[in-house]
2 protein chains.
Amino acid sequence: MTPTPAGLDSNRRLISADKVEGTAVYNRAGDRLGTIEDVMIDKISGRVAFAVMSFGGFLGMGENHHPLPWSVLTYDTAKGGYVVDLTREQLEGAPSYAAAENVDLSDTHGRRVYDYYKAQPFWLDVA
Amino acid sequence: MTPTPAGLDSNRRLISADKVEGTAVYNRAGDRLGTIEDVMIDKISGRVAFAVMSFGGFLGMGENHHPLPWSVLTYDTAKGGYVVDLTREQLEGAPSYAAAENVDLSDTHGRRVYDYYKAQPFWLDVA
């Protein structure tokens, strides 16, 4: 279960959650925003609800977790990481929580994240 | 990223991939069939395509990986693990591969698994 570079499997349609975890996240300007720490799965639909990016040590803040809808992540083989269309300032305004908080993302916290990223909430297109 | 018992989050709709990994799998008779080793995500749809169960040391065979469609797993809080409707004999007949093989489940191998478990292939209901 050791994370390996996600790019290794980039020609395949499926990717191991273990490979997603540990992968870097950049913005379009090339700034490294953080690293995918965890993948949250919706038990009912079997969809990835969030990829949780950790982001920390910035301007002295502690480590924060930024849940990102799966659909906002694009894998960039050249960078060897995911790219999101987000400036550092937008990231600071995005819903986040302290790593130790253990927030329940299945409720209003999760909806707030989907609203922020203007992504289609996964729980609305489940049969 | 240390696996913790999946039951801890059992009242929530979302579960961490890290918690799924390491969780035991039983059949209806209560036999322990194996342990979830990995979660394979379809990059395009963001769906969990397979939970890969490891199963080994049985009758002298090496460790095998049994990919299971997410929909065949039911979490049983009493057992603290997943239950699948599968006898040991059915499991031995199920598509599996040696742990070291690194099989691409996005192609015919994956379809064979869905056919075996009579599950709806995830790639047919993606827009």
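## Exercises on a predicted two-chain model

In chain A, strand 2 and strand 3 (residues 32-42) run antiparallel and are joined by three bridges. Keep in mind throughout that this is a predicted model. Have the structure open and let's work through it.

### Exercise 1: Strand 2 and its partners

**Task.** Find which residue stands opposite A:A24 in strand 3 of chain A, and in what sense strand 2 of chain A pairs with strand 7.

**Solution.**

*Step 1.* Start on the antiparallel side. Opposite A:A24 you will find A:T35, in strand 3 of chain A.

*Step 2.* Look at the turn of this hairpin. Four residues lie between strand 2 and strand 3 of chain A, and A:G30 has a positive phi near 95° there.

*Step 3.* Now go to strand 7 of chain A, residues 81-84. Its pairing with strand 2 of chain A is parallel and comprises three bridges. Within strand 7 of chain A, A:Y82 is the bridge partner of A:V25.

*Step 4.* Finish with the side chains. From strand 2 of chain A (residues 24-27), A:A24 and A:Y26 point one way, while A:V25 and A:N27 point the other way. All four of these residues, A:A24, A:V25, A:Y26 and A:N27, are buried.

### Exercise 2: One face of a helix

**Task.** Work out which residues of helix 3 of chain A are buried, and what they pack against.

**Solution.**

*Step 1.* Helix 3 of chain A covers residues 108-116, and its buried residues are A:G110, A:V113 and A:Y114.

*Step 2.* Look down the helix axis. The buried residues of helix 3 of chain A fall within an arc of 95°, so they line one face of the helix. A general rule helps here: an α-helix has 3.6 residues a turn, so residues three or four places apart point the same way.

*Step 3.* Ask what that face meets. The buried residues of helix 3 of chain A pack against strand 4 (48-55) and strand 5 (64-68) of the same chain A.

*Step 4.* Check the start of the helix. There, a side-chain oxygen of A:D107 comes to within 3.0 Å of the backbone nitrogen of A:H109.

*Step 5.* Repeat in chain B. The buried residues of its helix 3 are B:G110, B:V113 and B:Y114, and these fall within an arc of 95° seen down the axis of helix 3 of chain B, so they line one face. They pack against strand 4 (48-55) and strand 5 of chain B.

### Exercise 3: A lysine after the helix

**Task.** Find out what is notable about phi of A:K118, and decide whether A:K118 is buried or exposed.

**Solution.**

*Step 1.* Locate the residue. A:K118 is in the segment that comes after helix 3 of chain A.

*Step 2.* Read the backbone angle. Phi of A:K118 is near 50°, which is positive although the residue is not glycine. For background, most residues other than glycine have a negative phi.

*Step 3.* Exposed means over 50% relative accessible area. A:K118 has 77%, so A:K118 is exposed.

*Step 4.* Turn to chain B. B:K118 follows helix 3 of chain B and also has a positive phi, near 50°. With a relative accessible area of 75%, B:K118 is exposed.

### Exercise 4: Two residues of chain B

**Task.** Decide whether B:N64 is buried or exposed, then place B:N102 in chain B.

**Solution.**

*Step 1.* B:N64 belongs to strand 5 (residues 64-68) of chain B. Buried means under 20% relative accessible area, so at 14% B:N64 counts as buried.

*Step 2.* List its contacts beyond four places in sequence. Among them are B:M53, B:F55, B:S96 and B:Y97.

*Step 3.* B:N102 sits in the loop between strand 8 (97-98) and helix 3 of chain B. At 48% relative accessibility, B:N102 is partly exposed.

### Exercise 5: How the chains meet

**Task.** Describe how chain B relates to chain A, and how much area the two bury.

**Solution.**

*Step 1.* A turn of 180° with a shift of 0.0 Å along the axis lays chain B on chain A with an RMSD of 0.0 Å. That is the relation of a two-fold axis.

*Step 2.* Find the axis. B:R47 is the residue of chain B that comes closest to it, at 2.1 Å (C-alpha).

*Step 3.* The contact takes 37 residues from chain A and 36 residues from chain B. Because 100% of the interface residues of chain B are also interface residues in chain A, the copies meet through the same surface.

*Step 4.* Between them the chains bury about 3300 Å², with 54% of it on carbon and sulfur atoms. B:R13, B:L14 and B:K43 supply 25% of the area that chain B buries against chain A, more than any other three residues.

Definitions and conventions
Residues numbered from 1 in each chain as written. Chains lettered and ligands numbered in written order. Predicted model: local features only at pLDDT ≥ 70, side-chain atom pairs only at ≥ 80, totals over all residues. Heavy atoms only, no water. Least-squares fit on C-alpha atoms with pLDDT ≥ 70 in both. Contact = heavy atoms within 4.5 Å. Buried < 20%, exposed > 50% of the residue type's maximum accessible area, 1.4 Å probe, protein only. Arc of directions from axis to C-beta. Polar contact = N/O pair within 3.5 Å; in protein donor to acceptor, adjacent residues only side chain to side chain. Pairing = 2+ DSSP bridges. Buried area = accessible area lost by both parts, 1.4 Å probe.
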